[in-house]
Amino acid sequence: MPTTTAGRCDRGVTGLTAEEREVLYALGCGLGDAEIAAALVLPEEVVAERLGRVLGKLGLRDRAAAIVHAFDCGLVVPGQGPRRPVPGNTTARRTGAAAGPWLQVSVLGPLWTTLAGRPVDVGPVRQQAVLAALALNPSRSVSRGRLLEDVWGREMPDGNVVPVYVYRLRKILRLGDRPDSVIRRDRYGYGLVQGVAEVDALCVDDLVSRTEAAERAGDLPGAVRLCDRALELFRGEPLAGLPGPLAESERLRLAQRRVALAQRKADWQLRLGRRIEAITGLSALTLEEPLNEPVAALLMHALRRDGRRAEALAVFDRIARRLADDLGVDPGDLLLRARRAALLGKDACPGRGRAGAA
């Protein structure tokens, strides 16, 4: 077996995306598909798909060969454990060591919570909404009054319901065998203990910052890959089914962020000449957002650039009818310019620089 070095590790995973490297790394550390899915906050079918891509790209026969490859290229070092902590490492959990985020809260879909890599039921919907409010404010304490406003709004309950819900959550979300909870309490209110929780919406914030840095550096392929990673974290309607003013406003904000990310990704793909990929993504997005004029205009531009002017004009006709029927308004300047460009065959990208801040 070749000597394992960082250099050999880089060469041994050449061609893999960052997401595929994560799967290979976790596999080399001895995690099964379910544990990898919990650690990376992904559905098991996505893990299986990525593993299949890893095997194909590296020319490996099966999982066992992939595990050997992870050691052989130095991604995981025999006798020394992994090069970096793996969320979900079961040995670390048994010993109480912090091998990664102990608590993972996903709000980019129906609320989904895992504790030490295992799904956990955090109670009725109002109690879930309390946890979501704490997860969306990770760096500060949230007062009892604020939680009442965020979760109940005008439907103020009788009694001390907030302390009761927090008490229940603290019992459910304990740090291993210790009495400590992932929820702290201080004179200002309640909050999550620093360093033990990971929230998918905050992971999106980090990925967005990295996409912007990649774009500034001129690395558009890297920006697209990071954008893909951010979009993969969305599992449906954010905070689906949760009550309260905070959940309602965050649903709208996070849904808009997803659309803005998808637009930026499509714009970068067009700038890279990857028109078919951009058209596929934008076509799906227009079905979800039938009244979104910037999305429709960008799709029209992509279709026209691909020589499909008739389809571009059909997109205009479709959204113009929806705008008239549903809102009683005419198409805006953005759509009109896209239509004019399609009719004249001119190259005037309506989406570039207007995709919205993600």
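This tour moves through a predicted model, one selection at a time.

**The whole chain**

Begin with the complete protein in cartoon representation. The fold contains 16 helices and 8 strands. Of the 358 residues, 46% count as buried. Among contacts with a sequence separation of 6 or more, 64% join residues 24 or more positions apart.

**Strand β4 and the loop after it**

Select threonine 113, which is found in strand β4. Its relative accessible area is 3%, so threonine 113 is buried. Display its surroundings next, leaving aside neighbours within four places in sequence. Threonine 113 is then in contact with Leu103, Gln104 and Val105, with Arg118, Pro119, Val120 and Val122, and with Leu131 and Leu173. For Leu173, draw a distance between C-alpha atoms: threonine 113 and leucine 173 are 60 residues apart along the chain, and the separation is 9.8 Å.

Move along the chain to alanine 116, in the loop between β4 (112-115) and β5 (118-119). Most residues other than glycine have a negative phi. Alanine 116, although not a glycine, has a positive phi of about 55 degrees. Is this residue, alanine 116, buried or exposed? At 12% relative accessibility, alanine 116 counts as buried.

**Helices α8 and α9**

Now select α8 (144-151) and α9 (161-172). Two packed helices are described by the angle between their axes and the distance between the axes. For α8 and α9 the angle is about 90 degrees, and the axes lie 9 Å apart. The two helices, α8 and α9, are therefore roughly perpendicular. To see the contact, show the side chains of Arg144, Leu147 and Leu148 on α8 together with Val161, Val162 and Pro163 on α9. By class, this contact of α8 with α9 comprises 5 nonpolar residues, no polar ones and 1 charged residue.

Keep α8 in view and colour its buried residues: Leu147, Leu148, Asp150 and Val151. Which elements do the buried residues of α8 pack against? The partners are α7 (125-135), α9, β7 (189-192) and α12.

Just after α8, select glycine 153, where phi is positive at about 60 degrees. Further on is methionine 156, in the loop between α8 and α9. With a relative accessibility of 43%, methionine 156 counts as partly exposed. Not counting residues up to four places away in sequence, methionine 156 touches Leu148 and Glu149. Leu148 is thus a residue to keep displayed: Leu148 belongs to the contact between α8 and α9, and Leu148 is among the buried residues of α8.

**The cysteines and leucine 239**

Select cysteine 203 and cysteine 227 in turn. Cysteine 203 counts as partly exposed at 24% relative accessibility, whereas cysteine 227 counts as buried at 1%. How many disulfides does a search of the whole structure find? The search of the whole structure finds 0 disulfides.

Continue to leucine 239, in the loop between α11 (220-232) and α12 (245-271). Here again is a positive phi in a residue other than glycine, near 55 degrees for leucine 239. Leucine 239 has a relative accessible area of 1% and is buried.

**Helices α14, α15 and α16**

Select arginine 305, in helix α14 (residues 293-305). Arginine 305 is partly exposed, at 34% relative accessibility. Then add alanine 342: arginine 305 and alanine 342 are 37 residues apart in sequence, with 8.9 Å between their C-alpha atoms.

Alanine 342 leads to the last stop, where helix α15 (residues 309-327) packs with helix α16 (residues 333-344). Their axes are 9 Å apart and meet at an angle of about 155 degrees. Angles over 145 degrees count as roughly antiparallel, and α15 and α16 are therefore roughly antiparallel to each other. The crossing of α15 past α16 is left-handed.

Show side chains on both helices to see which residues make this contact:

- α15 contributes Arg309, Ala312, Leu313, Phe316, Ile319 and Leu323.
- α16 contributes Leu335, Leu336, Arg339, Ala342, Leu343 and Leu344.

Coloured by class, the residues of the contact of α15 with α16 divide into 10 nonpolar, no polar and 2 charged.

How values were computed:
Residues numbered from 1 in each chain as written. Predicted model: local features only at pLDDT ≥ 70, side-chain atom pairs only at ≥ 80, totals over all residues. Heavy atoms only, no water. Axes fitted to C-alpha atoms, helices over the stretch in contact; angles between N-to-C directions. Helix = DSSP H or I, 4+ residues; strand = E, 2+ residues; numbered from the N terminus. Parallel < 35°, antiparallel > 145°, perpendicular 65-115°, else oblique. Left-handed = near helix turned anticlockwise from the far one by under 90°. Contact = heavy atoms within 4.5 Å. Nonpolar A, V, L, I, M, F, W, Y, C, P; charged D, E, K, R; others polar. Disulfide = S-S within 2.5 Å. Buried < 20%, exposed > 50% of the residue type's maximum accessible area, 1.4 Å probe, protein only.
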